[in-house]
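Open the model in your viewer and keep the selection panel at hand. We will go from stop to stop, with a note on what to select at each one.

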Amino acid sequence: MTLQIDNVSKRYGDATVLEPLSWSAEKGEILAVVGPSGSGKSTLLHLINLSTRPSTGAIYLDGEDLTALGRRQLRDARRKIGTAFQSAALFQRRTVNANVSLPLDYLGVEKNEARAQTARLVERVGLADRADFYPGQLSGGQKQRVGIARALALNPHVLLADEITSGLDPVTTASILDLIKALRDELQLTVVLVTHEMDVVRAVADKVLYLENGKVVEYDTAAALLRDPASHVGSQLLNWGQ
Ligand code: ADP
Ligand code: MG
């Protein structure tokens, strides 16, 4: 079991943003987290990538409880988790190469090694001929490719993706999702993909977690939900695209 969420909840002051929830994702599995705006999807990713602490519960990665780690161990654990953000969140005054190598520079990875890893990733996401471009000179899909390459810079086991296809046209969306699936296969990544788009779920998800107001309404394999038209996700998966 790569990633296990055990009774995790999140409160901000008096507001409960996530009720206690539990789920797990295996190596090589894509879990889609779906739900309306404000349902707690991004908060869930922030908990997994350790940018915020859960109010209750534990998060296990490769069997290790991330919520119990000291500072130094936490820094090492963070390297195993890469995040690709909504709108890519690139640094506008840095080139494609410089954006991708940021996590490597930050950790003081040796220059030649960082350069080789960056070149490999930029090439892998199909942007070798754009390596010296700035984000402002890229299309939306290309920006997301840069964000994905940057998320993979430290060879993580887990890739978190927050609305990485929102605002993209269907053809570009499909190409980004194909890239995610190919990388999952090549690197045996566990992927947690947040989206509000049911056609994205249908295209990539092995499992689906459906959230509403911080509560898990449905959690099952995409195949099982698809077969169950009485489920919320199932009914939408059946209706969408028809
Ligand atoms: P989603 O990504 O599904 O749209 P979010 O996880 O961003 O939802 O937000 C869920 C809820 O948590 C929202 O009501 C939001 O206002 C609240 N929230 C998120 N971050 C914070 C924070 N740092 N402080 C207080 N409330 C927050
Ligand atoms: Mg969000």
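Start with ligand 1 and α1: this helix gives the most to the shell around the ligand, with 3 residues. Helices here are DSSP runs of H or I of at least four residues, strands are E runs of at least two, and both are numbered from the N terminus. This is a predicted model, in which local features need pLDDT of at least 70 and side-chain atom pairs count only at pLDDT 80 or more, while totals for chains, interfaces and linings use all residues. Residues are numbered from 1 along each chain as its sequence is written, with chains lettered from A and ligands numbered from 1 in the order in which they are written.

Now select the whole shell: Y12, A15, V17, G35, S37, G38, S39, G40, K41, S42 and T43. A residue belongs here if its C-beta atom, placed from the backbone, lies within 6 Å of the ligand. Both β2 (15–25) and α1 (41–48) supply at least two of these residues. Colour by class and you will find 3 nonpolar, 7 polar and 1 charged; Ala, Val, Leu, Ile, Met, Phe, Trp, Tyr, Cys and Pro count as nonpolar, Asp, Glu, Lys and Arg as charged, and the others, Gly among them, as polar.

Stay on α1 and pick K41, L44, L45, L47 and I48, which are buried. Look down the helix axis: the buried residues fall within an arc of 155°, so they line one face of α1. That arc is taken from the directions from the axis to the C-beta atoms. "Buried" means 20 or more other C-beta atoms within 10 Å of the residue's own, "exposed" 12 or fewer, and "partly exposed" in between, with C-beta atoms placed from the backbone. Just after the helix comes L50, with a positive phi near 65°.

Next, show the open sheet of 4 strands, ordered β2-β1-β4-β5 with antiparallel pairing. Its edges are β2 and β5 (64–65), each with a single partner strand, so one side of each has no neighbour in the sheet. Strands pair if DSSP finds at least two bridges between them; β1 (residues 3–12) and β4 (residues 56–61) are joined by 5. Find S9, and opposite it you will see T56 in β4.

For a last stop, select K181 in helix α7 (residues 170–187). K181 counts as partly exposed because it has 14 C-beta neighbours inside 10 Å. Measure from its C-alpha atom to that of A203, 22 residues apart along the chain, and the separation is 9.6 Å.
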